[in-house]
Amino acid sequence: MKRTIRALAFACAAAVAGTAGAAMSFSNDVTDLWWNADESGWGVNIIQQSNILFATFFVYDQNGQPHWFVASDLEGASVPTDIPYRFTGRLYETTGPAFSAAAFSASAVTRRDAGPATFEFFPPNTGRLTYSVDGVTVTKNLNRQTWAANDMSGKYFGGRMTIKSPFNAATCSPSTGLQVFDDITITHSGTSFTMTAVAGAAPPSELCNYTGTYSQAGHMGRVEGAYSCQSGVSGSFTLGEVEIGTNGFSAFYDASDQAGCRGYGNFSAVRTN
């Protein structure tokens with residue numbers, strides 16, 4: 001009974017999450033530090049909440065001096081049917097009291113509308129920034145900047161929710177629907193990733209082993225590799241847009257079986273250790 005309740009709860013959560021692999025209801029999460037690796041020395045911090053981006057620019061003026069711009073309300077009007085996601089708004093130049101002042105006075109801050117700004121996001125890890133300052137337009141191709149790789153090692157409870165890819169042949173019948181795993185153990189070191197997912201008590205009703213290569217882009221992770229299950233299903237898999245925290249992880253899941261039949265959806269789990 002306890003396991004049934006947990007399965008129903010997980011099914012509801014998975015149904016709400018859908019199959020977009022999104023970190024939030026509006027779109028994939030673009031929160032990160034963005035830069036162009038060929039132009040190291042400047043960048044853009046972007047924070048996303050729902051369909052609003054708040055971007056802060058650290059750039060330089062014509063004299064090589066640091067300059068402060070902020071786009072505090074870049075809005076995505078609607079979820080597109082395809083990429084890119086587009087967020088638009090105004091770019092502001094700000095000035096204020098010296099950092100060394102005894103107290104910071106918000107009333108002394110000035111804000112000037114410098115021009116339009118647009119951020120286009122191409123999932124999962126690239127973007128294009130276009131902005132104008134007093135009629136001078138700049139366009140930059142950007143990537144998430146990576147500082148360090150996350151560590152997914154640990155024990156979890158969770159599972160995957162998948163649907164059949166519309167690009168499958170009519171004869172394909174990949175494993176779809178909800179698969180709850182009572183025990184998920186991940187061993188992760190550098191690029192090496194292994195995951196064992198067990199459903200049910202011994203003997204388990206299902207046991208799947210995943211082995212792959214982990215990579216990091218900004219705060220997003222990715223695993224690509226091979227899997228095999230005791231039910232006889234095996235093939236290749238991808239965990240994309242992996243977000244890992246102290247409470248667990250969530251990811252987009254894409255897998256093809258030994259017959260080349262593809263299913264995709266979400267893989268999410270809560271940490272149990």
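This report describes the fold of a single protein chain and then looks at a few of its residues in detail.

The model is predicted, and that should be kept in mind throughout. The chain has 273 residues, and 41% of them are buried. Its secondary structure consists of 1 helix and 16 strands. Its accessible surface comes to about 14100 Å², and carbon and sulfur atoms account for 55% of that area. Among the contacts in the chain with a separation of 6 or more, 44% are between residues that lie 24 or more positions apart.

**The two barrels**

Strands of a sheet pair through backbone hydrogen bonds, and the pairing can be either parallel or antiparallel. In this chain, strands S1-S2-S3-S4-S5-S6-S7-S8 form a closed barrel of 8 strands, in which the pairing is antiparallel. From one strand to the next in this barrel, the twist averages 30 degrees. A barrel of 8 strands is also formed in the order S9-S10-S11-S12-S13-S14-S15-S16, and here too the pairing is antiparallel. Neighbouring strands of this sheet are turned against each other by 30 degrees on average, when direction is ignored.

Some of the strand pairs can be followed in more detail, and the table below lists three of them.

| Strand | Partner strand | Pairing and bridges |
|---|---|---|
| S7 (residues 126-133) | S8 (residues 136-144) | antiparallel, 8 bridges |
| S9 (residues 154-164) | S16 (residues 262-271) | antiparallel, 9 bridges |
| S9 (residues 154-164) | S10 (residues 177-189) | antiparallel, 8 bridges |

Individual residues show how these pairs line up. Between S7 and S8, Gly127 has Leu142 of S8 as its bridge partner. Arg160 is a useful residue to find in the structure, since a partner is listed for this residue on each of two strands: its bridge partner in S16 is Phe267, while in S10 Arg160 stands opposite Gln179. Thr162 also has a partner in S16, where this residue stands opposite Gly265.

**Loops with notable backbone geometry**

Some loops between the strands contain peptide bonds in the cis form. The bond from Pro123 to Pro124 is cis, with omega near 5 degrees, and Pro124 is found in the loop between strand S6 (110-122) and S7. In the second barrel's part of the chain, the bond from Ala202 to Pro203 is cis as well, with omega near -5 degrees, and Pro203 has its place in the loop between strand S11 (192-199) and strand S12 (206-217).

Other loop residues stand out through a positive phi angle. Ser50, which is not a glycine, has a positive phi of about 55 degrees, and this residue sits in the loop between strand S2 (43-49) and strand S3 (52-60). Ser50 counts as partly exposed because its relative accessibility is 43%, and the partly exposed range lies between 20% and 50%. Asp134, likewise a residue other than glycine, has a positive phi near 55 degrees, and this residue is found in the loop between S7 and S8. Asp134 has a relative accessibility of 52%, and therefore counts as exposed, given that exposed means over 50%.

**Arg112 and its surroundings**

Which residues does Arg112 touch, once its neighbours within four places in sequence are left aside? They are Leu91, Tyr92, Glu93 and Asp134, so that the loop residue Asp134, introduced above for its positive phi, appears again here. Arg112 itself lies in strand S6 and is partly exposed, with a relative accessible area of 33%.

The side chain of Arg112 makes a polar contact with the side chain of Glu93 at 2.8 Å, and the Arg112 side chain also makes a polar contact with the side chain of Asp134, at 2.8 Å. Through this second contact, a residue of strand S6 is joined to a residue in the loop between S7 and S8. A further distance in this region concerns Thr95, which is 17 residues away from Arg112 along the chain, and the C-alpha atoms of Arg112 and Thr95 are separated by 8.9 Å.

Terms used. Residues numbered from 1 in each chain as written. Predicted model: local features only at pLDDT ≥ 70, side-chain atom pairs only at ≥ 80, totals over all residues. Heavy atoms only, no water. Helix = DSSP H or I, 4+ residues; strand = E, 2+ residues; numbered from the N terminus. Buried < 20%, exposed > 50% of the residue type's maximum accessible area, 1.4 Å probe, protein only. Contact = heavy atoms within 4.5 Å. Areas by Shrake-Rupley, 256 points an atom, 1.4 Å probe, with all protein chains shown as cover. Pairing = 2+ DSSP bridges. Axes fitted to C-alpha atoms, helices over the stretch in contact; angles between N-to-C directions. Polar contact = N/O pair within 3.5 Å; in protein donor to acceptor, adjacent residues only side chain to side chain.
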